[in-house]
Amino acid sequence: MDFLFLLGSTRRNGNTEALARQAAAHLPAEVNQSWLRLSDLPLPVFGDIRHQGDGSYPQPVDNERVLLEATLRASDLVIASPLYWYSVSASTKTYLDHWSAWLRVPGADFKNRMRGKTMWAITAHTSEDATRVEPLLGTLRLTADYMGMRWGGELLGYGNRPGQVLEDADALARAQTLFTSRSVRA
């Protein structure tokens, strides 16, 4: 098992990352963990060229190559993005936008290689109404479904000021059991 944690916050050590680290601490020791901060691997704005020429995209280079390879290597993708305007962060959205290119990179076989992996979501939010997180979760669930991935589940925590999510006892309790699904036990 190879869990890839993709940190989508613009803030280092923010609430979403703290919650993700709490959950990751409960993974079995034999599970490999990789952590990538999307702000350290910025991607260019995605350009849609599917209707130009043969519709294929060039081989990714630089940060895009790093992210593609890490994504394909992982058995489980953990999208750790704070709730920004009812959705994922801009860096997370740009990363997902590049999946459209990776679907069309000759030889990548991206969709087939993503099939069967598991996607998870971890987010901190500032709303007293957790249903405000649903657009973020919907984006990730639909992405997983389109790619033939399993949905592992989500971990939501309340946190406005830095470190505040660590005061959310319910979220910390759920962090202990988030990864106990069939994906981790398989």
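User: How do the residues lining the second largest pocket divide into nonpolar, polar and charged?
Analyst: There are 5 nonpolar, 3 polar and 2 charged (Ala, Val, Leu, Ile, Met, Phe, Trp, Tyr, Cys and Pro count as nonpolar, Asp, Glu, Lys and Arg as charged, the others, Gly among them, as polar). The model is predicted: local features need pLDDT of at least 70 and side-chain atom pairs 80 or more, while totals for chains, interfaces and linings use all residues. Residues are numbered from 1 along each chain as its sequence is written, and side-chain values use heavy atoms, without hydrogens and water.

User: Which residues line the second largest pocket?
Analyst: Lys93, Leu96, Asp97, Trp99, Ser100, Leu103, Thr139, Thr143, Tyr146 and Met147. A pocket is an open set of 1 Å grid points where a 1.4 Å probe fits, with protein on both sides within 12 Å along at least five of seven lines; lining residues have an atom within 4 Å of a point.

User: Which helices supply at least two of them each?
Analyst: Helix H3 (90-102) and helix H5 (134-147) do (a helix is a DSSP run of H or I, at least four residues). H3 gives the largest share, 5 residues.

User: What volume does the second largest pocket have?
Analyst: About 150 Å³ (the space filled by probe spheres set on the points).

User: And how much space lies in the largest pocket?
Analyst: About 250 Å³. Its lining has 14 residues, and Arg11, Pro82, Tyr84, Gly159 and Asn160 are the closest to its centre.

User: Which element supplies the largest share of that lining?
Analyst: H1, with 3 residues. Helix H1 (15-24) and strand E4 (118-125) each supply at least two (a strand is a DSSP run of E, at least two residues).

User: How does the largest pocket's lining divide?
Analyst: Into 4 nonpolar, 8 polar and 2 charged residues.
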